[in-house]
Amino acid sequence: MKEDLSYQVELIERVKKELGMSQSDIARKFEVGTSTVSNWIKKKVKIPTTAKIALELMLEREKDKKMLNFMETFSQHIVEMGRKN
């Protein structure tokens, strides 16, 4: 039975969108050819587990950075409001 590789396509598309990376950027990051990334997207080849985990961690890191930025901004607004009162 052939494995469903839809998740790897969704994962790569999320990385491209949320991190603003191209297929070439992803290929450089993992030191593989652009044709390899293309084959992952076309479901011709299963993405290596280490690459999948790394992509997931890249997305998680970006999410954490956005949350930290939000918290810093929120904290600054609270301090400013305290100064006004």
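1. Contact here means heavy atoms within 4.5 Å. With that in hand, take Q8: leaving aside residues up to four places away in sequence, Q8 touches W40, K43, V45, K46 and I47. Q8 sits in helix 1, and at 4% relative accessibility Q8 counts as buried. The cut-off for that label is under 20% relative accessible area. Keep in mind throughout that this is a predicted model.

2. Now the overall layout. The protein has 4 helices and 0 strands, so in sequence order the pattern simply reads α-α-α-α. The helix spans are 6-19 for helix 1, 23-30 for helix 2 and 49-84 for helix 4, with helix 3 at residues 34-41.

3. On overall dimensions, the radius of gyration is worth a look. A compact globule of 85 residues would come out near 12 Å, but this protein has 18 Å. The box filled by the C-alpha atoms, taken along the principal axes, is roughly 65 × 30 × 20 Å. For a sense of distance within that box, try S75 and K46: these two are 29 residues apart along the chain, and their C-alpha atoms are separated by 44 Å. S75 belongs to helix 4 and is partly exposed, at 40% relative accessibility.

4. Next, burial and surface. Of the 85 residues, 21% count as buried. The accessible surface comes to about 6,600 Å², and carbon and sulfur atoms own 54% of that area. As for contacts, take those with a separation of 6 or more: 63% of them come from residues 24 or more positions apart.

5. Helix 3 deserves its own point. Which of its residues are buried? They are V37, S38, W40 and I41. These four cover an arc of only 155° around the axis, which puts them on the same side of helix 3. The background is familiar: an α-helix has 3.6 residues a turn, so residues three or four places apart point the same way. What covers the buried residues of helix 3 includes helix 1, helix 2 and helix 4. W40, one of the buried residues, is also among the residues that Q8 touches.

6. Two backbone angles may catch your eye if you run a phi check. Most residues other than glycine have a negative phi. E31 has a positive value, with phi near 55°, and lies in the loop between helix 2 and helix 3. At 75% relative accessibility, E31 counts as exposed.

7. The other one is K43, where phi is near 65°, again a positive value in a residue other than glycine. Where does K43 sit? It is found in the loop between helix 3 and helix 4, just after helix 3. K43 is partly exposed, with a relative accessible area of 35%. K43 is also one of the residues touched by Q8, which is itself buried.

8. Last, electrostatics. The protein carries 17 positive and 13 negative charges, and the mean positions of the two sets are 3 Å apart.

Methods. Residues are numbered from 1 along each chain as its sequence is written. This is a predicted model: local features need pLDDT of at least 70, side-chain atom pairs count only at pLDDT 80 or more; totals for chains, interfaces and linings use all residues. Side-chain values use heavy atoms; hydrogens and water are left out. Helices (H or I, at least four residues) and strands (E, at least two) are DSSP runs, numbered from the N terminus. The radius of gyration is taken over C-alpha atoms; the globule rule is 2.2 Å times the number of residues to the power 0.38. Buried means under 20% relative accessible area, exposed over 50%, partly exposed in between (1.4 Å probe, protein chains only). Accessible areas come from the Shrake-Rupley method with a 1.4 Å probe; for residues, only the protein chains shown count as cover. Lys and Arg count as positive and Asp and Glu as negative; His and the chain ends are not counted. The place of a charge is taken as NZ of Lys, CZ of Arg, CG of Asp or CD of Glu. The arc is that of the directions from the helix axis to the C-beta atoms.
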